[in-house]
Structure formats: C-alpha cells, structure tokens
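Trainee: Could we go through this structure together, starting with a strand and then moving outwards?
Mentor: Gladly, let us look at it first.

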Amino acid sequence: KTMTEQHSIFLAKSEVKANDLEHKRKVSFNIQKYNDSVVKGKQQFADLELARKKAKNVKWKTIENLDKYLEQFEKNFTANGGKLIWAETAEEALDAILQICREKNTKQVVKAKSMVTEEIHLNEFLKENGIESVETDLGEYIQQLDGEPPYHIVTPAMHKSKEDVAKLFHEKLGTEPNLSPPEITKIARKNLREKYVTAEVGITGGNFLLADVGGVCVTENEGNARLTTTFPPTQISIVGIEKLLPSIHDLQLFWPLLATFGTGQNVTVYNTVFSGPRKPGETDGPEEMYVILLDNGRTNLLRKEVRESMYCIRCGSCLNACPVYKNIGGHAYGATYSGPIGSVITPHLKGMEEYKHLSYASSLCGNCTEVCPLKINIHEMLLENRTIAAGSRLNNNMENFSWSLWQQAMLSRRLMNIAGPGIKNTVVNKLFKGSWAQHRGEIKFAERSFNKIWKDREQQ
C-alpha cells in the first residue's frame, strides 16, 4: 500500500509549521497564558483527583448504558415539547437542518460555537444551498472571516496574534488598521447583533445532554449562544451521542472540571440548560426546538480498545500539553478534532486506512493522559490504534518488513552485538535519512556497547 493522500498532506503541512518560528511563538505564548490560568483554576477543588475519578466513573456508567440514556433523553425532551431527530450520518443531519430552514423560509442562520457543526461542514453546506450561516463566537467569527477552520477545539483562533486579527478586520471589513482588542470586539458585537434579530433559525451544539430532564447544556463566555437561542423563533441543537450525562446533578462536577481544564476558570461565564421550546407564560426562548443526535461514526468508538475516548468532554487540555501539537499546530492534522484526542477518534470516525497516520504522530510521552480531567488513557489508545492498523494489514510491505527485522534485532543480544557501530551508523544515518536523520545531526554509535563493557568488567 502506498502513502495515502491525507498522510502526504499531513507531512507537508507539518514540515512547514514545525519550521515556522513565528507560528510557534504565538502558540507558545497563548498556551502559556492557558497554563498559568489552569494552575489557579485547580485551586477551587478540595480534592481534584477524587473529582476526576468520580467524573470518569460517571462517563463509564453512561457509555456502558448509552442506549438506555439516549432513549431516556428522547422521552424527556419530547415530553417538554422538543422535536428529536436521529442522524446516523453527516448527510442525514445536513438534510434535516436544510429541511427545517426551508420550512421556515430562512436565508440566514446564526450559529454558536460548535465543533460538531464543523465536523459535518455545516457552513459550507448551507452556503451551497443559498443560506448564510453566521458564526457568532468571536474566535469562530475571526476564523470565518479568514476562511479557515478552527485551529483548536476550545480557542479557534489560538494561532493568531492581536495584530493578525486587527489586520484581518482591516482587510475584510475595512476597519482602521491596528485596532486594539476592545475595539475589535466592539466592531464584531455591532456586526453580529444585527444578525440575531433578522435570523429565523439559531443553531448550537451542546456540551452535555441530560437524560433525566431532557436538557441540552451550552457553556460559553460571551453570551452569544444565549442570543442565538433567544431571538430566532427556531432553535436547532446538534450534538454527538457521546455527550450524555445521566442527571442534571452531574453538572456540579462536570461544569467546574470543563471550565478549569478548558480555560482555567472556576466556572464558565454563561451556563445554560435548554429543555425545549418556550412554554405558555415564559417571556423568551424559541417557539420550536430541535435536537439532532449525531452518530457519524461514533458507534465505531464503542469497540473495547478505544471506548474510553467517548468519555471526552472536549476541554482541549490534551492539545495544549502535546509536544507534537505545539510544533505542528491544529490545521496540520487535516481533521476537525486535532491533537491527541483527535488522533485517537478520527481514524474511527473517518476511516482507519486514510487517517491511521495520526496515531503515529505522537511521542507517546503520556502528557495528554496526565492532563485529561477524566484521566482518559489517550496515549495507550494511540498505541491501540497502531495495533489495529497493523493487525488489519493497513501498513505497507516495506514498513512491515522493516519492523520485523527491528523486532528480531531488539529481541536478540547476539544480533545487536554482531551489528557493530559501522552498521548501526549506516542504518540510522543513511537508511532513515528521509525521516529520522533529516533534521538531526548524524548519530555516532560507540565502538563498544554497554553490554560489551559490562562483560569485560565482569571478566576482570
């Protein structure tokens, strides 16, 4: 098998970004700000490790009984007057959204920040069908103006400096150059608030689904999601099936964890539970509310080896901790979900053969697992993905042959001793010139290995 197109693109983009010092400076600056905040945020927990273990147990219970909780959510949400749509694929979800928009005869929708809508490429789809989709989160609005997908799960424009954003607004909106962040925010607010009152449909994602009350939780810092769900008569929330929690009482644990590990806050500024359309006597809220429960490959994650990946609450902490992500950035991955957790789930969501290379883009240092609020064994699942790929014979013959030789050599001290420093130098510096040796100085193995030195010492 030859290298896939996605693999080739990944290597090319990674090569560029890994050598872009200005890009790395911006990302390092923003991640350091995040790290400083998280240290403070963790201080709100009397026993942080206990909280992490309890949260993991809740998600374990949920995923082990996913069918039960999905049906419970449907029953309670529809009892509140909501309309629920099951979407097995991205196409089914897109068709459902388009049908709703056409029924409402709308040519414009406003959208809160949502990774699942990025996953199904909703904005592009609506544009093709003559409907304008306006991002209302400031980071997402910046990325939409620039024609780029989100760079990060939580902070979409992490790779941009304030000077980059000011330049972008000048080029796209005709504003004065070199505006300050408060001035940029005021312009975005003015432009977006006009959209809220004219859009017929508001679209959100969902941070959590609550089975016992039939509620959709949306967590945000800017208030744009509340405006998106208040003014338009119709609200659509599209949420992955793994976002379930058994009870509204679980939020007292999950909201602080998501805030602390996501942004370093004690709790996010706006936390809302939507449980259906406006009821008689209520002063605001949509006239109709739809929830689209999306699979789109998520049931593939239920396999034993990677089931823990469904516990993810999309805080983004593993991205900020990953040495690979810090060097190549979010766009190099060529997938909606980047970083360590993205490398685990993308091969199962989009196809192992086309995306298996992401699971190899890791040092397996384990820092992603260490910083995960739910202690998900991310680095072990990356290794499991490699095993699945090898077991499915998705690696090419040369790779399999090379690893076979490597295994025999590593398991045999005699063979390692036979291969003297000259052979070892040639293998590393010449045979792997296009990968290992390309950006490193030549390795020179010692004339005598530790094994030989030890034997000589024993004999003496």
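Trainee: Are the two faces of strand 4 covered or open, and which residues sit on each?
Mentor: Both faces of strand 4 (residues 201-204) are covered, since V201 and I203 on one side and G202 and T204 on the other are all buried, where buried means under 20% relative accessible area, exposed over 50% and partly exposed in between, with a 1.4 Å probe and protein chains only. In a regular strand the side chains alternate between the two faces of the sheet. Strands here are DSSP runs of E with at least two residues, helices are runs of H or I with at least four, and both are numbered from the N terminus.

Trainee: Before I go on, what kind of model is this?
Mentor: It is a predicted model, in which local features need pLDDT of at least 70 and side-chain atom pairs count only at pLDDT 80 or more, while totals for chains, interfaces and linings use all residues. Residues are numbered from 1 along each chain as its sequence is written, and side-chain values use heavy atoms, with hydrogens and water left out.

Trainee: Which strands does strand 4 pair with?
Mentor: Strand 4 pairs in the parallel sense with strand 2 (residues 108-111) over three bridges, and four bridges join strand 4 to strand 7 (residues 234-240), again running parallel; pairing requires that DSSP finds at least two bridges between two strands.

Trainee: And which residues stand opposite I203 and T204?
Mentor: I203 in strand 4 has K111 opposite, whereas T204 has S237 in strand 7 as its bridge partner.

Trainee: Changing topic, where is T268, and is it buried or exposed?
Mentor: T268 lies in the loop between helix 12 (251-263) and strand 9 (270-274), and T268 is buried, with a relative accessible area of 8%.

Trainee: What is T268 in contact with, apart from its sequence neighbours?
Mentor: Leaving aside neighbours within four places in sequence, T268 is in contact with T219, E220, N221 and A259, contact meaning heavy atoms within 4.5 Å.

Trainee: How many helices and strands does the chain have?
Mentor: The chain has 22 helices and 10 strands. Its radius of gyration, taken over C-alpha atoms, is 25 Å, close to the 23 Å that the globule rule (2.2 Å times the number of residues to the power 0.38) gives for 460 residues, so the chain is as compact as a globular protein of that length.

Trainee: How much of the chain is buried?
Mentor: Buried residues make up 50% of the 460 residues.
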